[in-house]
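The following exercises are to be worked through with the structure at hand. Each consists of a task and a stepwise solution.

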Amino acid sequence: MSIKTRLLLSYMAMTFMPIVLFAFIAATLVSTFYKDMAGTMDGKGIPAFWETTNERRDLIAGVKFMSQNDPDRFNDIRFLKNTDEQLNGVHSGIVVMKNNQVSFTSSFVNSLDIDASEIQKMQSSQTQDRWGKTRFLVEAFNITLSDHTTGTVYVLSDLYPFFKEVRKFFPLLVLSLLLVIGLTNGVLTYLVSRSFIKPLFTLKHAAEQIKKGNLDHGVELERKDEFGELGASFEEMRVRLRESIHLQLQYEENRKELISNISHDLKTPITGIKACVQGIQDGIADTVSKKEKYINMIAKKADDMDHLIDELMLYSKLDINQLPFHMEPLDIRVYLQNYIEELRHDPRMDNIKITFSSGRASPVRVMADHEKLSRVIINIIENSLKYMDKAHKEINVELFDDEAKATIHIQDNGTGIDSNELFHIFNRFYRTEPSRNTDTGGTGLGLAIVKQIVEGQGGTVWAESQLGEGTSIYFTLSKINHEGEDE
């Protein structure tokens, strides 16, 4: 339930609940205080009151009817006493005046000690103000007798029993209204505010934990409203922040490792260069052949350092995505055929049998960076050359494809790689020799550069190997359709 809906329902509850509760309390108070509103002492309460009111109204209507249709009946003492007796039962009385003289006064009126002039004043006042200013209700009916005598019949009703209870009832009614409004609004406000404060407190506590550096404190708000969405976003932020910090720490460790590896790999050729220079300075190279040998060693070590620096620069540019890829359509089958043919004439490939095979003779068109693809293949082959220990050395290049991609498979028959190390060979500066000796040469960045270039072109790379049998490196390239677009 959304916060907007929750607030709307709360507002509706704050409006209607007090009305319902007030009506219930008012009915209870009426039934309690007005047990005998009619003054009948029968304890029937409100029903008796309405019954008495209706009876009084009927009697007064009868008096009015007789005043209009048979006014001479008001000369009949028996009729007047009978009518008076009935009116007395409903706290009312009758006064008859003829020619401004009182001809009959109800015993009920006499018991109230009210004379005719006061009744006339009350009736005159109530003509202007329906309820007057007293507890009495007076109704007057003019009559004209058969002897042409005029007069007035007054019906006086005493509302004291009703007013008596009202004086006690209304303060309690107002108090109950205020109490109902206060309680309902207070309870509903507490419940609604609690539903807001609790998740806010949870979020506040989580924020304090993050402030202290504790990123393992989760936020779980099992709600389906805006607070639930906020909690989910906060939790996602916490997880991402933790991963970001973890990644940053990992980058820092990698940076330290990178500096250590660079220092190690640069130190080796520098140490060799210094040794050769020292040998020349100390006169150890006392012949032309020895000097030439030392100078050649210095040149080789310098070339190794230059190659390492080039590899580092290339890898760093690939790692931070600062080396652009110039993608273009390429028939990878023809490209590999030509590349393998060139390699056969490379001096490094002496005594090595290199072959190429393809699943079909038709063109296999891919999107690739021509120059960087050459770097991928030569890095994989150079890595194979370093670990060939058999008399008959072989490198096989195979191409096969499906509807979406072309896969290049480069296999050697070298020493192979242990399964525990196979997943690390694409890491930078990783070498399979535990001692990290550099007798085989290389920077330890060759396969890491292969991974960066292949993935930068939208492909994937992986390796398979068995100790003593050789290693296979696979990488994929996206094929294109006839219109030159990626499939």
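**Exercise 1: the five-stranded sheet**

Strand β8 (residues 393–401) and strand β9 (residues 405–412) run antiparallel and are joined by seven bridges. The model is a predicted one: local features require pLDDT of at least 70, side-chain atom pairs count only at pLDDT 80 or more, and totals for chains, interfaces and linings use all residues. Residues are numbered from 1 along each chain as its sequence is written, and side-chain values use heavy atoms, with hydrogens and water left out.

Task: determine in what order the five strands of this open sheet lie, and what packs across them.

Step 1. Helices (H or I, at least four residues) and strands (E, at least two) are DSSP runs, numbered from the N terminus. Two strands pair if DSSP finds at least two bridges between them.

Step 2. Within the β8 and β9 pair, Phe 400 stands opposite Thr 407 of β9.

Step 3. The order of the open sheet is β6-β8-β9-β11-β10, with mixed pairing. At its edges are β6 (352–358) and β10 (461–466), each of which pairs on one side only. From one strand to the next, the twist averages 15 degrees; axes are lines fitted to C-alpha atoms, for helices over the stretch in contact, and angles run from 0 to 180 degrees between N-to-C directions.

Step 4. Helix α9 (residues 332–343) lies across β6, β8, β9 and β11 (470–478), at about 170 degrees to β6. Helix α10 (residues 370–386) also lies across β6, β8, β9 and β11, and runs at about 175 degrees to β11. Contact here means heavy atoms within 4.5 Å.

**Exercise 2: the four-stranded sheet**

Task: establish which strands stand at the edges of the sheet formed by four strands, and trace the hairpin of β1 and β2.

Step 1. The strands of this open sheet follow the order β2-β1-β4-β3, and their pairing is antiparallel. Because β2 (101–105) and β3 (136–144) each have a single partner strand, they stand at the edges, and one side of each is left without a neighbour in the sheet. The twist averages 25 degrees from one strand to the next.

Step 2. Four bridges join β1 (residues 92–98) to β2. Lys 98 stands opposite Gln 101 in β2, and the bridge partner of Met 97 in β2 is Val 102.

Step 3. The hairpin of β1 and β2 has two residues between the strands, and Asn 99 in the turn has a positive phi of about 50 degrees. Most residues other than glycine have a negative phi. His 148, in the loop between β3 and β4, is not a glycine either and has a positive phi of about 70 degrees.

Step 4. Helix α3 (residues 77–88) packs on the sheet and touches β1, β2 and β4 (150–158). The direction of α3 makes about 145 degrees with that of β1.

**Exercise 3: confidence**

Task: state the mean pLDDT of the protein and locate stretches where the pLDDT is below 50.

Step 1. The mean pLDDT (the predictor's confidence in each residue, from 0 to 100) is 78, and 82% of the residues reach 70 or more.

Step 2. Residues 36–45 have pLDDT below 50, and this stretch has 20 contacts in the model beyond near neighbours in sequence.

Step 3. Residues 128–133 likewise have pLDDT below 50, with five contacts beyond near neighbours in sequence.
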